[in-house]
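Visitor: I'm happier with gels than with models, so could you show me how to read this one, feature by feature?
Guide: Sure, let's put it up and start with a single residue.

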Amino acid sequence: MSDLRRFYSRCLRRAAPTRSMLLSIAVAIAFLISTTQVLNPKNIVSAQEASPDIELAKKLGKEIIAACPIVTDVKNLAAYDSCAQKLSQLKTLRDTMNAPFLWGAQSKVGNYNIKDSQTTEFDPFVWRRIYLATFMFKGEPQIEQVNNLTIIHLPTQFRNQFNIGAYPYPFWHSSKKWNSYQQSTELLLVSRTGKA
């Protein structure tokens, strides 16, 4: 009987490390698989691309760029009028804009909280037909999500060669304001839950 107990206790001593070793290996493999899936950039991108806010932002950005492409002659009033007409009729933009629409300079790079910026309230139609049309667009929109905000980065060029009476606002009354418009390289639209 004592031989049987010794044999049994040797089996238990050998089996215990084997069971724990197998459990450790299984846990390590499970952890590795889950970490790879979480940290894989393709998974992050596909999760964002599936977001309705991301899809709407991409669509909106592409439509604005298509409506007002860059022209070589920045004095071209016909191109400005065509852009203004297209933007005023752009259904996606119209349906996305908050009323009143807040417009202003970003207070600090990377800060997208509109409450931290000095803004002017606009009727959405007036802003997109008169102010937004003073910009021309190129390339592809870049979409960024920060907290609960979706940011649309639109590469832009300001129409800075018009006669002064053609502008909706006397931007030139302040050299700082004029320079901020004509030297800007992108326009940002900030949206929350599908509203810009």
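**Reading the model, one feature at a time**

Guide: Cys68 has a relative accessible area of 1%, so Cys68 is buried. Buried means under 20% relative accessible area, exposed over 50%, and partly exposed in between, with a 1.4 Å probe and protein chains only. This is a predicted model, where local features need pLDDT of at least 70 and side-chain atom pairs count only at pLDDT 80 or more, while totals for chains, interfaces and linings use all residues. Residues are numbered from 1 along each chain as its sequence is written, and side-chain values use heavy atoms, with hydrogens and water left out.

Visitor: Which residue does a disulfide join to Cys68?

Guide: A disulfide is called when two cysteine sulfur atoms lie within 2.5 Å. Here the partner of Cys68 is Cys83, with an S to S distance of 1.9 Å. A search of the whole structure turns up one disulfide. Cys68 sits in the loop between helix 3 and helix 4 (77-89), and Cys83 in helix 4, so the bond ties together parts that are 15 residues apart in sequence. Helices (H or I, at least four residues) and strands (E, at least two) are DSSP runs, numbered from the N terminus.

Visitor: Why is the disulfide of Cys68 and Cys83 called right-handed? And is Cys83 buried or exposed?

Guide: For handedness, look at the torsion about the S-S bond: it is about 85°, so this disulfide is right-handed. As for Cys83, its relative accessibility is 1%, so Cys83 counts as buried.

Visitor: Zooming out, how many helices and strands does the protein chain have?

Guide: The chain has seven helices and six strands. Walk along the sequence and the pattern reads α-α-α-α-α-β-β-α-β-β-β-α-β. The chain has 196 residues, of which 29% count as buried. For contacts (heavy atoms within 4.5 Å), take those between residues at least 6 apart in sequence: 66% of them join residues at least 24 apart.

Visitor: What about the aromatic rings: how many aromatic pairs does a search of the whole structure find?

Guide: It finds 17. Rings of Phe, Tyr and Trp (its six-membered ring) pair if their centres lie within 6.5 Å; planes under 30 degrees apart are stacked, over 60 edge-to-face, and the rest tilted. Take Phe135 and Tyr181, whose rings are 5.9 Å centre to centre with 25° between the planes, a stacked pair. Phe135 is in strand 3 (residues 135-137) and Tyr181 in helix 7, so the pair links parts 46 residues apart in sequence. Phe135 and Tyr181 are both buried.

Visitor: Now the empty space. How much space lies in the largest pocket?

Guide: About 1500 Å³. On a 1 Å grid over the protein atoms alone, a pocket is an open set of points with protein on both sides within 12 Å along at least five of seven lines, a cavity is a set where a 1.4 Å probe fits but cannot get out, and lining residues have an atom within 4 Å of a point. Points are joined across faces, edges and corners, and the volume is the space filled by probe spheres set on them. The largest pocket has 43 lining residues, and the closest to its centre are Trp103, Gly104, Ala105, Gln106 and Gln118.

Visitor: Which elements each supply at least two residues of that lining?

Guide: Strand 1 (101-104), strand 2 (119-122), helix 7 (175-182) and strand 6 (186-191). Strand 6 gives the largest share, six residues. By class, the lining has 20 nonpolar, 16 polar and seven charged residues. Ala, Val, Leu, Ile, Met, Phe, Trp, Tyr, Cys and Pro count as nonpolar, Asp, Glu, Lys and Arg as charged, and the others, Gly among them, as polar.

Visitor: And which residues line the largest cavity?

Guide: Asp53, Leu56, Ala57, Leu60, Thr96, Ile152, Ser191, Gly194 and Lys195. Helix 3 (residues 52-67) provides the largest share, four residues. The lining splits into four nonpolar, three polar and two charged residues. About 30 Å³ of space lies in this cavity.

Visitor: Last one, the backbone. Which peptide bond is cis, and where is Asn147?

Guide: The cis bond runs from Ala99 to Pro100, with omega near 0°. Pro100 lies in the loop between helix 5 (91-96) and strand 1. Asn147 is in the loop between strand 4 (142-146) and strand 5 (149-158). Phi of Asn147 is near 55°, a positive value in a residue other than glycine, and Asn147 is exposed at 79% relative accessible area. Thr193, in the segment after strand 6, also isn't a glycine and has a positive phi of about 45°. At 66% relative accessibility, Thr193 is exposed.
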